[in-house]
Amino acid sequence: MEVMKVKEVEKLLKIGEQYTIIKIEEREEDKKMKKIIYIESKNKKVKCPSCGNYTKSIHDRLKPIELKHLKIFEQDSKINIIKKRFICHECNKKFTEELDLNQKGKILSNKLIQKILKDLLDYNLTIKYIGNNNGVSPGIVRKILKEAMSEYPEQVRLLPRVISFDEFKADTDYGKYAFIVNDPIHRKVLDVLPSRKKEYLIQYFTYCENRHSVEYVVSDMYEPYLLVTQIMFPKAKYVVDRFHYTRYVMDALDKVRIRLQKEYGYNSKEYRMLKNKKNVSLLRRYSNDVDWYTYCQRFRNGHMVDILKIDVREQLLNIHPELKQAYILKELFLDLLSYSTYEYAQDEIEEWISVCEGCGIEEFEEASKTIKNWLPYIVNSFIDERFSNGFTEGLNNKIKVIKRVAFGYRNFRFFRLRLMYILNGKISGISKKDRNTKNKKNNVISHQKKQKFFK
């Protein structure tokens, strides 16, 4: 056996200080060649667990055991070791030396289990892939995860001051939708539940010990969540997430655009302009976030040309007066979100609603009606910028990836364990930096200019 090869294996196994490699051989198992590393501990003197004295006397050696270990040189490997039994001449106690290679009764090495647990944190890896990559069966991977999460509570007992609700499509043995409870301030997942039904949520939150300490519940415009909040958290304010009520305004703008492009017909120039994805993105973006005096490329007269973004916007808004009016209504609403405060939010949103009610655009009349119905809870979102479901929506996207790569999970209990392990693990939960505050002075000026359109 080459000395260099032994040293490389010692470095890979990180056992040079405690163990000696006797030999390395290859053996075929399950139609695969595996490396078998024979090692022996360097223990010359050990402490007696009974009397505490040290002894050097070896009584005998146990039968060799083989442990599955990490891959070496892209090959599955096993560690073969013979444990020694010592005898203490002070108390006549016979005992087996303690080694840090594995846990009692385990055929996997501790380092292999650590590697599997690390792989389980990666939401792009399936259980089957992790098993194949580490030379174990998917069942063993599942067992390792269950043991790691064995002390994880089935029910959250203490809730933070601010919590957020949302649902996601699960398609498990419990039903189509699952429910997630988060702490949006500290960016932590509190629990994942198998149902979003009102009766189930009320029963679940009954066991929470500090329900009356919850001050804010952040969620979307789903009436059962509001009812659950009113029943189970009587002292809490219900906050509608900004993303959800802003979506109604954005959808209204899109509906106007789609209606107009259908009116102009498939072969018209206006249809192509309104259908263009880059133009749609430009219309949807908040104007204060766009540098209008930069160039973008558009297809004109058979070839690509450079054109100022502000010119593109003007061409789009000049297609029809209703599109221009819808765009400005959208801008006015985004201005409110940008510069308004909790003290003035209700009055300013009510003013925006009154403008929409008399604008004659059916899509914005419907959107303003919905916002009016949820107005008290929308205004609560201005209390603190952190009262948002942005963290929850990001988690939902990650959950979709976990489901997609595994082609779904039928067992909800195991699905919950995997989600909680990943979402509260080291890979996830890295808080993003707070966004820089926008220039409110410029927004106020922009808002005042747009108000003139309606006078």
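A residue is called buried here when its relative accessible area is under 20%, exposed when that value is over 50%, and partly exposed in between. The model on screen is a predicted one, and the tour below moves through it by element, beginning with a helix to which that definition applies.

**Stop 1: helix α15**

Select residues 390–406, which form helix α15. Which residues of α15 are buried? They are F391, T392, L395, N396, K398, I399, V401, I402 and K403, and two of the names in that list, K398 and K403, are lysines. To see what covers these buried residues, add β10 (162–172), β11 (175–183), β12 (188–193) and α16 (412–423), which are included among the covering elements. With those strands displayed, α15 can be seen to lie across β10, β11 and β12, running at about 20° to β10. Helix α16 also lies across β10, β11 and β12, and its direction makes an angle of about 175° with β12.

The length of α15 can be checked against its residue count: at 1.5 Å a residue its 17 residues should span 24 Å, and because the end C-alpha atoms are 25 Å apart, the two values agree. Step past the end of the helix to F407, which follows α15 and has a positive phi, near 55°.

**Stop 2: the sheet beneath**

Keep β10, β11 and β12 on screen and add β13 and β14, which completes an open sheet of 5 strands in the order β12-β11-β10-β13-β14, with mixed pairing. The edges are held by β12 and β14, each of which has a single partner strand, so one side of each is left without a neighbour in the sheet. On average, and with direction ignored, neighbouring strands of this sheet are turned by 30° against each other.

Now zoom in on strand β13 (residues 216–219) and strand β14 (residues 237–240), which run parallel and are joined by 4 bridges. Two pairs are worth labelling here: Y216 stands opposite K237 in β14, and V218 stands opposite V239 in β14. Add helix α6 (residues 223–232), and a right-handed β-α-β unit appears, made of β13, α6 and β14.

**Stop 3: a three-stranded sheet**

Next, select β5, β8 and β9, which in the order β5-β8-β9 form an open sheet of 3 strands with antiparallel pairing. Its edge strands are β5 and β9 (93–96), each pairing on one side only, and neighbouring strands are turned by 25° against each other on average, direction ignored. Strand β8 (residues 84–88) pairs with β9 in the antiparallel sense over 4 bridges, and within that pairing R85 has T96 in β9 as its bridge partner.

**Stop 4: salt bridges between strands**

The structure holds 26 salt bridges, and a few of them repay a look with side chains displayed. Begin with K78, which forms a salt bridge with E29, the closest N and O atoms being 3.0 Å apart. K78 lies in strand β7 (residues 75–81) and E29 in strand β1 (residues 19–29), so this pair ties together parts that are 49 residues apart in sequence. Is K78 buried or exposed? K78 is buried, with a relative accessible area of 14%, and E29 is buried too.

K78 also meets E66 in a salt bridge, at 3.9 Å from N to O. This second pair again links distant parts of the chain, with K78 in strand β7 and E66 in strand β6 (residues 65–72), 12 residues apart. E66 is partly exposed, with a relative accessible area of 27%. Salt bridges that share partners join R27, E29, K34, E66 and K78 into one network, so select those five residues together.

Then move to R61 and E40, whose side chains meet in a salt bridge of 3.6 Å, N to O. R61 belongs to strand β5 (residues 58–61) and E40 to strand β2 (residues 32–41), 21 residues apart. Both count as partly exposed, R61 at 46% relative accessibility and E40 at 28%.

**Stop 5: helix α11**

Finish with helix α11 (residues 321–339), whose 19 residues reach 27 Å from the first C-alpha to the last, close to the 27 Å expected at 1.5 Å a residue. Of those 19 residues, 16 are buried, so α11 is largely enclosed by the rest of the structure. One residue to pick out in α11 is K324, which counts as partly exposed at 32% relative accessibility. From K324, draw a distance to E314, 10 residues away along the chain: their C-alpha atoms are separated by 9.0 Å.

Definitions and conventions: Residues numbered from 1 in each chain as written. Predicted model: local features only at pLDDT ≥ 70, side-chain atom pairs only at ≥ 80, totals over all residues. Heavy atoms only, no water. Salt bridge = Lys/Arg side-chain N within 4 Å of Asp/Glu carboxyl O. Buried < 20%, exposed > 50% of the residue type's maximum accessible area, 1.4 Å probe, protein only. Pairing = 2+ DSSP bridges. Right-handed = clockwise from strand over helix to strand, strands pointing away. Expected span 1.5 Å × (residues − 1). Contact = heavy atoms within 4.5 Å. Axes fitted to C-alpha atoms, helices over the stretch in contact; angles between N-to-C directions.
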